[in-house]
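Please open the model in your viewer and keep the selection tool at hand, as this tour moves from the ligand outwards.

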Amino acid sequence: MTNTAIEMHMARTGPATVLKAREVTLAPPGPGEARVAIEATGIAFADVVMRQGLYPGVRTPVTPGYDLVGRIEALGAGVEGFAVGQRVAALTVTGSYASRRNIEARWLVPAPEDAPAEKLVAGVLNGLTAWQMFSRIAVAAPGETVLVHGAAGGVGNLLLAMARNAGVKAVGTASAGKRGVVEGLGATHIDYRSGDLVERIRAASDGGVVAAYDHIGGKHLKAVSIAALRQGGMAVLYGGYDATRGGKVRPGAIIDMLLNNSLSAMKLFGVSQGVVGYNVSYWRDARLEAYRTDLAAVLGQIVSGALDPLIGKVLPLTEAAEGHRLLETSAVAGKIVLKP
Ligand SMILES: NC(=O)c1ccc[n+]([C@@H]2O[C@H](COP(=O)([O-])OP(=O)(O)OC[C@H]3O[C@@H](n4cnc5c(N)ncnc54)[C@H](OP(=O)(O)O)[C@@H]3O)[C@@H](O)[C@H]2O)c1
């Protein structure tokens, strides 16, 4: 067993260039752990937020890497149900910008053999997030309409595909240049930068959506997502994109999130609407069986072709900084993947 690994590590916060390659020596996997040789890991918006020092609970020095697909090289004591050589996937939160790593085996899910690693890894953080929000948190019936913000992004493109597969109509917001991506996934495109956003969403959804998936946060949640709901609708807040963009917490942004969105339960009751927060890693930790079932379901849909995650760029692991630059500038549609 090889005990050395290359990692893209951040000793401190700062620009993308703080990501530096380093060689580390790994201890043998401990009890309950597996050693995984990594085939692919995704670049997540959360990694950028960690690099900026704004991610709750994660401080530098840290090796980022929210997910992985790879192959088990060794098992620690007490690990059952997995074998050396088996292909696996996991939501790891940190540590997967690496050629190999040790990981708690309880986070592992068997990964199918017959799909490229970059497609499968796009199903881990992004696919699991999209699937749990779509199938468990805010569910639409065939013929109803949902609102997907950032519809050409890593999570957004999968939400559109899931809606299409379920016979659910989707309205997708994205910048003008990504219209083709959104329409190619069967959704109605709306450029969020031009005016009358809510009016246009309501017009495109015959009077309002039954679910809105919002990664922007701040005032946007109430002013756009909740405003676009029909009675009985549900808004899901799953990101704070605007609060952290540009490497700084925009003055007031967090306060906007906490205060300006203050919602009256009585008012929501009156229109039978709901607002819910969703965080994929909290779900993994609190509902392990749901995590395993749902991640296996997403990987299965990728192999069957029901889901074909949009891959924006595949880069060598050592070009992680370029991947961060592409993500931060919204330069590509779909997932950016690193391969050791
Ligand atoms: N809660 C969770 O468990 C969880 C899990 C995964 C991801 N997330 C969050 O979800 C978000 C998206 O992640 P991702 O990987 O899909 O990122 P991504 O690939 O960068 O997609 C997000 C896209 O949103 C678009 N956008 C920016 N401002 C917008 C606005 N005002 N309205 C509509 N679209 C806008 C941008 O593209 P254009 O401007 O070019 O259209 C951007 O590329 C991030 O904030 C991430 O942290 C949360």
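In this predicted model, a residue is taken to be near the ligand if one of its heavy atoms lies within 4 Å of it. Select the ligand and expand the selection to that distance: 24 residues surround the ligand, and the closest are Ser175, Lys178, Tyr192, Tyr238 and Val280.

Colour this shell by residue type, and it divides into 11 nonpolar, 10 polar and 3 charged residues. Next, show the helices and strands, among which α2 (117–137), α3 (154–165) and β9 (169–174) each supply at least two residues of the shell, while α2 gives the most, with 3 residues. If you colour by domain instead, you will find that at least three shell residues come from each of domain 1 (4–111 + 310–339) and domain 2 (124–281).

Now turn to the oxygen atoms of the ligand. Select Lys178, where a polar side-chain atom lies 2.7 Å from a ligand oxygen, and then the backbone of Gly154, which places a polar atom 2.8 Å from an oxygen of the ligand. At Val155, too, a polar backbone atom is 2.8 Å from a ligand oxygen. Of the 910 Å² of accessible area that the ligand has on its own, the protein covers 92%.

Finally, hide the ligand and look at the nonpolar cores. The largest has 90 residues, of which Tyr66, Leu108, Val146 and Tyr213 touch the most other members. Helix α2 gives the most to this core, with 10 residues, and the core draws at least three residues from each of domain 1 and domain 2. A second, separate core of 14 residues can be selected starting from Ile190, Val198, Val224 and Ala235, which are among its members.

Definitions and conventions. Residues are numbered from 1 along each chain as its sequence is written. This is a predicted model: local features need pLDDT of at least 70, side-chain atom pairs count only at pLDDT 80 or more; totals for chains, interfaces and linings use all residues. Side-chain values use heavy atoms; hydrogens and water are left out. A polar contact is a pair of N or O atoms within 3.5 Å; within protein, one must be able to donate a hydrogen and the other to accept it, and residues adjacent in sequence count only if both atoms are side-chain atoms. Accessible areas come from the Shrake-Rupley method with a 1.4 Å probe; for residues, only the protein chains shown count as cover. Helices (H or I, at least four residues) and strands (E, at least two) are DSSP runs, numbered from the N terminus. Ala, Val, Leu, Ile, Met, Phe, Trp, Tyr, Cys and Pro count as nonpolar, Asp, Glu, Lys and Arg as charged, and the others, Gly among them, as polar. Domain bounds come from an automatic or database domain assignment. A nonpolar core is a set of buried Ala, Val, Leu, Ile, Met, Phe, Trp, Tyr and Cys residues joined through side-chain atoms within 4.5 Å. Buried means under 20% relative accessible area, exposed over 50%, partly exposed in between (1.4 Å probe, protein chains only).
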